[in-house]
Amino acid sequence: MSTGINYRQSVLLFILISFLVMPTLAVEAAEIRPEVLLDGTGIFIESGDSWEFSQGYVFVVKDVNEDGGAWVELSLDGALLKDVILQEGDVFVYSRDSKEIFNMTVDTIYYGSDAELVTFKPVYQYRDIALPAPLPDEPENSSNESEVPSIPDDPSDRNIPGFGFLMSLLSLTSIFIFSRFFINKLK
């Protein structure tokens, strides 16, 4: 009889630990994935204009030359973070503390007698955890107030954070063990 009690106690302890560990695993899994603020959007900026991103980042196209180069700057609260000259196909990447914040590909550079324009596609912005979280209804906007349609979100990316295969397996195992415990108790 003492083995039955020990078995039941160990099963109950396992169930209790499983329910305590599951939320922890869900939180850890959710933190691994960076929060995406812009997901593959396309934008365009005229020479001399800027694009205001979430969390106070400002991206400026300073100048476009006839050789096809575009001089761009990224700043935060007026402080210059990065400036570089880009060509078509180049990728602008900005990271802070080894975590990528921006990843933008130069799609096309237009140079003409009346205007210069640079298009970036795709554009990704990830949340900078060193800064306050953006407001939920804070849209990205541009000082040139032009709208470019974005690529629709991937519907497969709408899973519950942290509730993947491991969480499903732990849940089913807990339910199985819990039901076996009560079935044996009713007999």
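Phenylalanine 59 and phenylalanine 120 are both buried in this predicted model. Their rings form an edge-to-face aromatic pair, with 5.2 Å from centre to centre and 85 degrees between the planes. Phenylalanine 59 belongs to strand 3 and phenylalanine 120 to strand 8 (residues 116-126), so this pair ties together parts of the chain that are 61 residues apart in sequence.

Phenylalanine 59 takes part in another aromatic pair, this time with phenylalanine 92. Here too the arrangement is edge-to-face, at 5.2 Å centre to centre and with 70 degrees between the planes. The pair links distant parts of the chain, since phenylalanine 59 sits in strand 3 (residues 57-64) and phenylalanine 92 in strand 6, 33 residues apart. Phenylalanine 92, like phenylalanine 59, is buried. Phenylalanine 92 also has a charged neighbour: lysine 82 lies over the face of its ring, at 4.9 Å from the ring centre. A similar description fits lysine 62 and tryptophan 71, where the lysine lies over the face of the tryptophan at 5.7 Å from the ring centre.

These two phenylalanine pairs are among the seven aromatic pairs that the structure holds. Elsewhere, an aromatic cluster is formed by Trp51, Phe53, Tyr57, Tyr94 and Phe102.

It helps to place these residues in the sheet. Strands of a sheet pair through backbone hydrogen bonds, either parallel or antiparallel. In this model, an open sheet is made of four strands in the order 1-8-7-6, with antiparallel pairing. Strand 1 (36-46) and strand 6 (91-96) are its edges, each pairing on one side only. From one strand to the next, the twist averages 15 degrees.

Starting from the edge at strand 6, six bridges join this strand to strand 7 (residues 99-111), and the two run antiparallel. Within this pairing, phenylalanine 92 has methionine 104 of strand 7 as its bridge partner, while valine 93 stands opposite asparagine 103. In a regular strand the side chains alternate between the two faces of the sheet. Strand 6 and strand 7 form a hairpin with two residues between the strands, and in this hairpin aspartate 97 takes a positive phi near 50 degrees.

Moving on through the sheet, strand 7 is joined to strand 8 by eight bridges, again in an antiparallel arrangement. This brings the description back to phenylalanine 120, which stands in strand 8 opposite valine 106. Strand 7 and strand 8 likewise form a hairpin, with four residues between them. The two aromatic partners of phenylalanine 59 described above therefore lie in strand 6 and in strand 8.

What is the order of the elements along the chain? From the N terminus on, they run α-β-β-β-β-β-β-β-β-β-α, with two helices and nine strands in the chain. Contacts between residues 24 or more positions apart account for 51% of the contacts with a separation of 6 or more. Buried residues make up 29% of the 187 residues. The accessible surface of the chain comes to about 12,200 Å², and carbon and sulfur atoms contribute 58% of that area.

Key:
Residues numbered from 1 in each chain as written. Predicted model: local features only at pLDDT ≥ 70, side-chain atom pairs only at ≥ 80, totals over all residues. Heavy atoms only, no water. Pairing = 2+ DSSP bridges. Axes fitted to C-alpha atoms, helices over the stretch in contact; angles between N-to-C directions. Phe/Tyr/Trp six-rings, centres within 6.5 Å; stacked < 30°, edge-to-face > 60°. Buried < 20%, exposed > 50% of the residue type's maximum accessible area, 1.4 Å probe, protein only. Lys NZ or Arg CZ within 6 Å of the ring centre and 35° of its normal. Contact = heavy atoms within 4.5 Å. Areas by Shrake-Rupley, 256 points an atom, 1.4 Å probe, with all protein chains shown as cover.
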